[in-house]
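The following paragraphs offer a guided reading for those who meet this structure for the first time. Please keep the sequence and the model in view while reading.

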Amino acid sequence: MLMLLLSFGAHPEPAAAQLISPGKLSAAHGDLEGIRSCTRCHRLRQSGTDADRCLECHKLVASTITAGEGYHGRLVDRECDTCHKEHFGVEFPLVRLDSLAFEHGEQVGYPLHGEHAPVGCRSCHRAELVSDRAVIEAKGSALGRTFMGLPTTCAACHNPDSPHGDQFDGQACVDCHDEGGWSGADGFDHDETAYPLTGLHRDVTCNECHRPLPGTAMEGALRYAGVRADRCTACHEDEHSGSMPGRCESCHSTSGWQRVDRGRVESSFDHRGTGFLLEGAHAAAPCASCHRSPPADSAVRIRFKPGTAGDAYPSPVVGSCLACHQDQHDGAFVDRPEQGTCDDCHGQVAWLPADFDIARHNRETDFVIDGAHRVVPCASCHVPEQGMPRFRFEGTTCSDCHAPLDPHRGQFEGRSCDSCHSGDSFRITDFDHAATRYPLDGAHEDVSCDRCHTPESDPSGASFVRYRPLPHQCVDCHGGAA
């Protein structure tokens, strides 16, 4: 026995270790090779490894167990050698993982769904994605072999692939996307933004509003943050070319731009922005009076600007009054300096009475109104012809107007009325008989006119007073001497 012990003790240490050890340690534990290191992992007179002694070296694993995190933190069987076999040689792998049977969600706490499910382990467990500082320091050059230290946020792994740049900094990817595919955004609700989608906007694809970011070539890199949506014209061209002030939604809605809320338009639309201020009777006129084609027998004729006839509110051609209103005077005033514009005489509150008084008549026409003419209604002279008042006259003498009413039946043809009459009264008060062929003298001065100028009847039976010719010899009136 002594010789056997001496013989055993006389062999070098490696040989003794070889006699006791069941096999060479793996490369990872190579520095523990030798009999003096057995108790670093084993307790005397106990089989298997001592888990507590393993964790004295494997502090990272110990920390996950303490925290109850990761794979080791969820294990019920805490005996290391249940999974990690040793003494099977230098090349024997300590970590033997059946990736097909491994339940990532149950065993790690990070379930793989959707596009993550078919991905190989090392697609994610790569050295460059390890972010845990303790793992990086502990593993060093062996980061490519560890399964520890990966982050769990989407951006930590996918940030280089993000098509959004820094538009959503501080916001989790899962707020909009899920693992079913990053191209969709089923978790995103546009109604929760500052611009809820209504009407036809709900049928528009994202990239019709969210255009590619400038200076980016990445596929799908669209602008989402900072898209201007405070005015319709930020996206839509102004169909009115600036002629309509205010906001589009004061007339239109997202249910369709051709659908106009007439009640809203007609109650709140500010017509001043069109350049045509509605005043007087125009302010009370229905919109359709100008924004619809009038009946054929209407005194209004509306012409629309090219390309607008199909609009909800076609744009009339405006300018002078005659752009819409027919000339009630049949061109009678086109030769005047203002070329017959209606508003030179008429207002918009009502077309009558006209703003053309006696002062203007005396100043601007060839006929001065004075005397009894000042109380004569306009229509007495401007008699309607075919429904329109007459304003053009061949002459302005008394006979031009009064010839049909001549009380003298042509007795004074060739002589003007004002040679006897005045405009103040047609009654003669100061006729100078001395200017005739029969001056009045003596007792004749006191004789009334009607004693000599007596009524007669013309061939039609109408009565008139005879002034000329009259006999003027004494016997013509007094007869011969008795």
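**Surface patches and an aromatic pair**

Glu 79 is placed in the loop between α5 (70–73) and α6 (104–108). The model to which this residue belongs is a predicted one. Glu 79 has a relative accessible area of 41% and is partly exposed, because that class covers values between under 20%, which is buried, and over 50%, which is exposed. On the surface, Glu 79 joins Asp 52, Glu 56 and Asp 77 in a patch of negative charge.

The loop between α5 and α6 also holds Leu 97. Here the surface has another character: Val 95, Leu 97 and Phe 147 make a nonpolar patch of about 250 Å². Leu 97 counts as partly exposed, with a relative accessibility of 40%.

Attention may now turn to the aromatic rings. How many aromatic pairs does the structure hold? There are five aromatic pairs in it. One of them is formed by Phe 412 and Tyr 467, whose ring centres are 6.0 Å apart and whose planes are at 45° to each other. This pair is described as tilted, because the term applies to angles that are neither under 30 degrees nor over 60.

Phe 412 is found in the loop between α15 (398–402) and β5 (455–457), while Tyr 467 belongs to the loop between β6 (463–465) and α16 (474–478). The pair therefore ties together parts that lie 55 residues apart in sequence. Both rings belong to partly exposed residues: the relative accessibility is 21% for Phe 412 and 33% for Tyr 467.

Key
Residues numbered from 1 in each chain as written. Predicted model: local features only at pLDDT ≥ 70, side-chain atom pairs only at ≥ 80, totals over all residues. Heavy atoms only, no water. Patch = residues over 30% accessible without salt bridge, like charges linked within 9 Å, V, L, I, M, F, W, Y side chains within 5 Å. Areas by Shrake-Rupley, 256 points an atom, 1.4 Å probe, with all protein chains shown as cover. Salt bridge = Lys/Arg side-chain N within 4 Å of Asp/Glu carboxyl O. Lys, Arg positive; Asp, Glu negative; His and termini not counted. Charge placed at Lys NZ, Arg CZ, Asp CG, Glu CD. Helix = DSSP H or I, 4+ residues; strand = E, 2+ residues; numbered from the N terminus. Buried < 20%, exposed > 50% of the residue type's maximum accessible area, 1.4 Å probe, protein only. Phe/Tyr/Trp six-rings, centres within 6.5 Å; stacked < 30°, edge-to-face > 60°.
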